[in-house]
Amino acid sequence: QVQLVESGGGLVQPGGSLRLSCAGSGSILSINAMGWYRQAPGKQRELVADITSGSRTNYADSVKGRFTISRDNAKNTVYLQMSSLKPEDTAVYYCNVRGLLRIMVPFNSWGQGTQVTVSS
C-alpha cells in the first residue's frame with residue numbers, strides 16, 4: 001500500500017558528502033515520523049536520525065553535527081544530508097516512514113536500502 005524509493009547512495013572518499021532521498025507513494029493519508037537507519041556488516045540496524053511531523057529531529061550521537069535530516073511533506077519525501085563522512089559510516093541505509101493510510105489504518109514501511117561506502 002505504501003512504496004518507498006530510496007536514492008543517493010554510492011562510493012565517497014572520507015570527508016566527502018552524500019545526500020540520500022526517500023520518496024513515498026501510495027494510499028497515504030498522513031505521515032508522522034520519518035527516519036533513516038543503517039546496518040553495517042555484522043552489526044544490528046541502528047537509528048541514524050528521525051524527524052517528526054512537527055519537524056523535531058533526533059540524531060544518533062555518532063552523526064550529530066555531520067548529518068542533517070529534513071522532509072518535504074508535499075512530496076512525502078525525507079532527505080539525509082551527510083557530510084564529513086567517515087569509513088565507519090559505511091553501511092546500507094534504510095528509510096522508515098510511519099503514518100496513516102486513507103483507509104484509516106496505520107502503516108510502518110521500509111525502503112529497499114541504499115549502499116553507502118566511505119573509502120579512499
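**Salt bridges, a disulfide and a glycine in a predicted model**

Mentor: Glad you're here! Let's begin with a pairing in this predicted model: a salt bridge joins the side chains of Glu 46 and Arg 38, at 2.7 Å from N to O.

Trainee: Happy to start there. Is Arg 38 buried or exposed?

Mentor: Compare the two partners. Glu 46 has a relative accessible area of 36%, so Glu 46 is partly exposed. For Arg 38 the relative accessible area is 7%, and the cut-off for buried is under 20%. Arg 38 is therefore buried.

Trainee: Which residue in the loop between strand E8 (77-82) and E9 pairs with Arg 38?

Mentor: This partner forms a salt bridge with Arg 38 in which the closest N and O atoms are 3.0 Å apart. The pair links distant parts of the chain, 51 residues apart, with Arg 38 in strand E4 (residues 28-39). The partner is buried, with a relative accessible area of 1%. The residue in that loop is Asp 89.

Trainee: Which residues do salt bridges with shared partners join into one network?

Mentor: You have already met three members: Arg 38 pairs with Glu 46 and also with Asp 89. Arg 66 belongs to the network too. The joined residues are Arg 38, Glu 46, Arg 66 and Asp 89.

Trainee: And how many salt bridges does the structure hold?

Mentor: One of them brings together the side chains of Asp 61 and Lys 64, at 3.1 Å from N to O. Here Asp 61 is exposed, with a relative accessible area of 64%. For the structure, the number of salt bridges is four.

Trainee: Now the cysteines. Why is the disulfide of Cys 22 and Cys 95 called right-handed?

Mentor: A search of the whole structure finds one disulfide, and the sulfur atoms of Cys 22 and Cys 95 are 2.0 Å apart in it. Cys 22 lies in strand E3 (residues 18-26) and Cys 95 in strand E9 (residues 91-101), so the pair ties together parts 73 residues apart in sequence. Both cysteines, Cys 22 and Cys 95, are buried. The disulfide is right-handed because the torsion about the S-S bond is about 45°.

Trainee: Last one: which residues is Gly 9 in contact with, leaving aside its neighbours within four places in sequence?

Mentor: Gly 9 is found in the loop between strand E1 (2-7) and strand E2 (10-12). Gly 9 is partly exposed, with a relative accessible area of 34%. Beyond those sequence neighbours, the contacts of Gly 9 are Leu 18, Leu 20, Thr 114, Gln 115 and Val 116.

Conventions: Residues numbered from 1 in each chain as written. Predicted model: local features only at pLDDT ≥ 70, side-chain atom pairs only at ≥ 80, totals over all residues. Heavy atoms only, no water. Helix = DSSP H or I, 4+ residues; strand = E, 2+ residues; numbered from the N terminus. Buried < 20%, exposed > 50% of the residue type's maximum accessible area, 1.4 Å probe, protein only. Contact = heavy atoms within 4.5 Å. Disulfide = S-S within 2.5 Å.
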